[in-house]
Amino acid sequence: MTQTQWYKDGVFYQIWPRSFKDGNSDGMGDLWGVIDKLDYIKSLNVDGIWFSPLYTSPGVDCGYDISDYMSIAPEFGGMEAFRRLLSEAHVRNLRVIMDLVVNHTSDEHEWFQKSRQRIDPYTDYYIWRPKKPNGKLPNNWSSMFEGDSAWQWDEVRGEYYLHLFAIKQPDLNMDNPLVREEVKKILKFWLDLGVDGFREDVITFISKKEGLPDDLPIPGFSGILKYNHGPHIHEYLQEFRRDVLSHYDCMTLAEAPLVTPKRALTYISETDPAQHDIDMMIQFQCMCADCLFSDYVPMKFSLRRLKYAFREWQTKLYGKGWNMLYLENHDHPRVISRYGSEKFRTASGKALAVSYLFQQGTPFIYQGQEIGMTNWRPERIDRYEDVQTLNQHLKDPEEKRLKLYHRASRDSARTPMQWTGGLHAGFSEHEPWFYVNENYKTVNVEAEEKDPDSLLNFYRKAVALRKSLKVVRYGKYKEYGKLSGKLYVYERVLGESERAGVTDEEPSRILVICSFSEKSMRFRMRRGIDLRKAELLLCSLDAKEASVPDKTGAFILRPYEARVYRISDNRKG
Ligand code: GLC
């Protein structure tokens, strides 16, 4: 089967199913709700949907703890709703990507239940270790969700099992060929049903270093240097590709904490097939412009850090590998509250949209991002529900924790989608499973549909423009004013070899300007680009009021204004 790389022209929308839309009035989002909103999704001009897990699960980590990989959870509508969703999505030319979570399962999965009783062939499906003779734990690795050790004693088996995440998420033993066969069965099952690919959850963690040696004692992350990009990772991913994925025209997207562009190219190389295990990686660098590696170690937002991250990935992957672009997902707080300004909610949301939508790669938009949903700030700590959040900084006084959670918790991305200003934000007729953000009366789809200048309508426009410009798919990235902490300016330009197939009428060079300032700023483009001759393709704020370049080429950018220009290139003189 030839793989056509269709994802390179696409834009994706991510759905976190519990909070998207309730279709059967039980307070929980489901696939009936999604089917109901497919025309809305299509109206965003996107080409596909990535679903966070829909499988049967006890829900300790909101579906990332799976107890049956080959079924859709009854609360989401079961297989019947899924089949219907898939065909309704495909009719609208929307691709469907599933989440593949195989670093761990739920402890309620049948495999684990049998493994703890040493029932073959499941005995070695997980990573079991006896107590050390000195009574110590098998090693010093820590769980990312539970703070302390990644080892949990199991009374039934009389051994410890490894869980890099929650206690109820035991890690699979991918070194066991039988486990890899199971993964292949899962992939095949969904591909045969018609899905178009997978987002692979913490997939770079699946091969642990032999002997499970102690690691540097990094709080919360001890062990990561021994299990991230482990010894057999490429071998296993190649095996999945060779035996299953290469037989379908599908795409794969790998979540990869701490990955650098250099390392990413060992997975997604387009020049060396031996180093092409997957198609794209979810890097975390663009999520660290206001924190140190984790949202829970906050720092002041720095546009320079964000630009550095963008630049690193845009330049180092160019011509060698394909980028995945995003500013939000279900694991991070809302981007306007982080990198933009709630005071300038719409304007900063638009600037953020422009900042990443015209880069090279496949952009993803997370539910609610397109209407500018912002962080949720409950008054009480017991309102939080996420297992990761609730185990952070347990020794701190409650007030301090609450302040930190307001800023860092991924629960902010998990409040119900705000469809209307009415009951429960139009998410459900029933009391929702989780709290609705108080700002739903003003921030909602219905209100933004009516407003031609809303963020929602801007996303539609910006995505459509992006897709009409071949230079966005093929062009080279170049940044101007790298040191500015208020402006982000980049151009995309086609090189000689990339011009084939692009007509003279089509733009071969665009310039993107985004202000991250709450104040108006005078802007002048240097280096021979005369904006008086350029065509303004997109302006984030009222274009009629936009300041035009004077005879020196300077103009005023309003707070958080963003523009995309078509620059006439040398080809036409
Ligand atoms: C990934 C998921 C996250 C989940 C974790 C454990 O990082 O994106 O939501 O909690 O893996 O599965």
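This is a short guided tour of a predicted model, with a suggestion at each stop for what to select in your viewer.

**Stop 1: the sheet**

Start with a cartoon view and select the eight strands β11, β10, β9, β5, β2, β1, β15 and β14, which in that order make up an open sheet with parallel pairing. At its edges sit β11 (280–282) and β14 (324–325), each with a pairing partner on one side only. If you like to display hydrogen bonds, recall that strands of a sheet pair through backbone hydrogen bonds, either parallel or antiparallel.

Now zoom in on residues 12–15 and 48–51. These are strands β1 and β2, which run parallel and are joined by four bridges. Pick glutamine 14 and look across to β2: its bridge partner there is tryptophan 50.

On to β15, which pairs with β1 in the parallel sense over three bridges. Select phenylalanine 12 and you will find phenylalanine 364 of β15 standing opposite. β15 also pairs with β14, again in the parallel sense, this time over two bridges. Here leucine 325 has proline 363 of β15 as its bridge partner.

**Stop 2: the two faces of β15**

Stay with β15 and show side chains for residues 362–366. How many of its five residues are buried? The count is five of five, so this strand is mostly covered. In a regular strand the side chains alternate between the two faces of the sheet. Colour Thr362, Phe364 and Tyr366 one way, since they lie on one side, and Pro363 and Ile365 another way, since they lie on the other; both faces are covered.

**Stop 3: a helix across the sheet, and the loop after it**

Add residues 78–91 to the view. This is helix α3, lying across β2 and β5 (95–100) and running at about 140° to β5. In the loop between α3 and β5, select asparagine 93. Its phi is positive, about 60°, although the residue is not a glycine. Asparagine 93 is exposed, with a relative accessible area of 59%.

A second residue to check in a Ramachandran plot is histidine 393, where phi is near 50°, again positive in a residue other than glycine. Look for histidine 393 in the loop between α12 (387–390) and α13 (398–408). At 34% relative accessibility, this histidine counts as partly exposed.

**Stop 4: serine 52**

Return to β2 and step into the loop between it and β3 (55–56), where serine 52 is found. Is serine 52 buried or exposed? It counts as buried, at 1% relative accessibility. Draw a distance from its side chain to that of glutamine 14, and you have a polar contact of 3.2 Å. Beyond its neighbours within four places in sequence, serine 52 is in contact with residues including Trp16, Tyr64, Asp99 and His330.

**Stop 5: the ligand**

Next, centre on the ligand. It is surrounded by 14 residues, of which the closest are Asp61, His104, Asp201, Glu255 and Asp331. Three distances are worth drawing, each from a polar side-chain atom to an oxygen atom of the ligand:

- aspartate 331, at 2.4 Å
- glutamate 255, at 2.9 Å
- arginine 410, at 3.1 Å

**Stop 6: a cis peptide bond**

Select aspartate 120 and proline 121. The peptide bond joining them is cis, with omega about 5°. Proline 121 lies in the loop between α4 (110–115) and β6 (128–129).

**Stop 7: valine 335**

Move to helix α10 (residues 335–339), where you will find valine 335. This valine is buried, with a relative accessible area of 4%. Its contacts, leaving aside neighbours within four places in sequence, are Leu327, Glu328, Gly340 and Leu352. Then add glycine 372: the two residues are 37 apart in sequence, and their C-alpha atoms are 8.5 Å apart in space.

**Stop 8: the cysteines**

Finish by showing cysteine sulfurs. How many disulfides are there? The count is zero. A disulfide would need two cysteine sulfur atoms within 2.5 Å. Take cysteine 514: its closest cysteine sulfur, in cysteine 539, is 11 Å away, which is too far for a bond. Cysteine 514 is buried, with a relative accessible area of 0%. Cysteine 250 also counts as buried, at 5% relative accessibility.

Methods. Residues numbered from 1 in each chain as written. Predicted model: local features only at pLDDT ≥ 70, side-chain atom pairs only at ≥ 80, totals over all residues. Heavy atoms only, no water. Buried < 20%, exposed > 50% of the residue type's maximum accessible area, 1.4 Å probe, protein only. Pairing = 2+ DSSP bridges. Contact = heavy atoms within 4.5 Å. Axes fitted to C-alpha atoms, helices over the stretch in contact; angles between N-to-C directions. Near = heavy atom within 4 Å. Polar contact = N/O pair within 3.5 Å; in protein donor to acceptor, adjacent residues only side chain to side chain.
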